[in-house]
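Me: I would like a close look at a single part of this protein, namely the strands that pair with one another towards the end of the chain. Please set them in the context of the whole fold.

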Amino acid sequence: MNALEWPADLTDFRLPVKWDGQPVDWHGWHPPIEVRDLFLCSNNGLLRDPQPCSGCGHPFQPWWAQGLTADGRTSITIERCGFCNTTIALETGPDGTSEWTLDDSDYGPEGSSDNQEGNR
Ligand SMILES: [Zn+2]
């Protein structure tokens with residue numbers, strides 16, 4: 001393992017407990033490199049072209065977690081930069097696909113909800 005290529009260890013394991021009011025069943029965090037090796041050929045939203053992290057500019061090799069809302073209607077993929085904790089949420093639900101940047105308010109007791117300002 002080349003230390004220069006390996007992203008920082010994840011230190012922030014928070015996930016939104018709810019998504020637009022629905023409890024979310026999360027499946028835990030996965031490290032970045034393995035998923036790219038294992039699923040390199042699959043058509044997976046996690047495997048977008050390498051891009052700099054919007055938070056720190058390091059090549060974005062996010063840790064990731066997937067969850068499903070309790071009603072089964074919305075699946076959420078969270079990607080988090082191990083260096084600066086910039087967190088992107090990719091939501092696929094009845095209304096289509098959305099991409100969000102999460103902030104501290106999304107990890108409170110009420111979870112994350114659309115605040116109608118293009119953010120969460
Ligand atoms: Zn970053």
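Reply: The model is predicted, and it contains one helix and six strands. Read from the N terminus, the order of elements is β-β-α-β-β-β-β.

The part in question can be followed through strands E4, E5 and E6. E4 covers residues 75-80 and E5 covers residues 87-93; the two run antiparallel and are joined by six bridges. Within this pairing, Ser-75 lies opposite Thr-92 of E5. Six residues separate the strands in the hairpin of E4 and E5, where Asn-85 adopts a positive phi near 70°.

E5 is also paired with E6, residues 96-102, again in an antiparallel arrangement, here through seven bridges. Thr-87 faces Leu-102 of E6 across this pairing. The hairpin formed by E5 and E6 has two residues between its strands.

Leu-102 leads from the strands to the interior, as this residue belongs to the largest nonpolar core. That core has eight residues, the others being Leu-15, Trp-19, Val-24, Ala-65, Ile-76, Ile-78 and Ala-89. Nonpolar side chains in soluble globular proteins tend to be buried together.

Trp-19 ties several of these positions together: leaving aside residues up to four places away in sequence, Trp-19 touches Val-24, Thr-69, Thr-74, Ile-76, Gly-111 and Ser-112. For the protein as a whole, 22% of the 120 residues count as buried. Of the contacts between residues at least 6 apart in sequence, 53% join residues at least 24 apart.

Technical notes:
Residues are numbered from 1 along each chain as its sequence is written. This is a predicted model: local features need pLDDT of at least 70, side-chain atom pairs count only at pLDDT 80 or more; totals for chains, interfaces and linings use all residues. A nonpolar core is a set of buried Ala, Val, Leu, Ile, Met, Phe, Trp, Tyr and Cys residues joined through C-beta atoms within 7 Å. A residue is buried if 20 or more other C-beta atoms lie within 10 Å of its own, exposed if 12 or fewer, and partly exposed in between; C-beta atoms are placed from the backbone. Two residues are in contact if their C-beta atoms, placed from the backbone, lie within 7 Å. Helices (H or I, at least four residues) and strands (E, at least two) are DSSP runs, numbered from the N terminus. Two strands pair if DSSP finds at least two bridges between them.
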